Amino acid sequence: MRDRRVALVWAAFVVVATVSCVLVLTRDNRLSDLHIYYGALSDLHAGRYAGVQ
C-alpha cells in the first residue's frame, strides 16, 4: 500500500514537472528577465550594486 502511494506521488510530480516545462518552453518570451539578473550580477561584481558598500 505504501509503495503504491509513493508511486502515485512520483507520478504526480512527473506530470506537474512536465506540464511546467511545456508551459515555459512554449512561451514566446522565455528568459525575459535574464538581462535583469545578469545586470545585477555584473553590478555586484563591479562593486556598484545598491546596498553593498
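**View 1. The whole chain has 2 helices and 0 strands.** Helices (H or I, at least four residues) and strands (E, at least two) are DSSP runs, numbered from the N terminus. What you see is a predicted model, where local features need pLDDT of at least 70, side-chain atom pairs count only at pLDDT 80 or more, and totals for chains, interfaces and linings use all residues. Residues are numbered from 1 along each chain as its sequence is written, and side-chain values use heavy atoms, with hydrogens and water left out. Of the 53 residues here, 0% count as buried, meaning under 20% relative accessible area (exposed is over 50%, partly exposed in between; 1.4 Å probe, protein chains only).

**View 2. Trp10 meets Phe13 on helix 1.** The structure holds 1 aromatic pair. Trp10 and Phe13 make this edge-to-face pair, 5.7 Å centre to centre with 90° between the planes. Rings of Phe, Tyr and Trp (its six-membered ring) pair if their centres lie within 6.5 Å; planes under 30 degrees apart are stacked, over 60 edge-to-face, the rest tilted. Both residues sit in helix 1 (residues 2–25), 3 residues apart, or about one turn of the helix. An α-helix has 3.6 residues a turn, so residues three or four places apart point the same way.

**View 3. Is Trp10 buried or exposed?** Trp10 counts as exposed because its relative accessible area is 55%.

**View 4. Helix 2 covers residues 34–46.** Its 13 residues should span 18 Å (1.5 Å times one less than the number of residues), and the end C-alpha atoms are 18 Å apart, which agrees. Next comes Gly47, with a positive phi near 85°.
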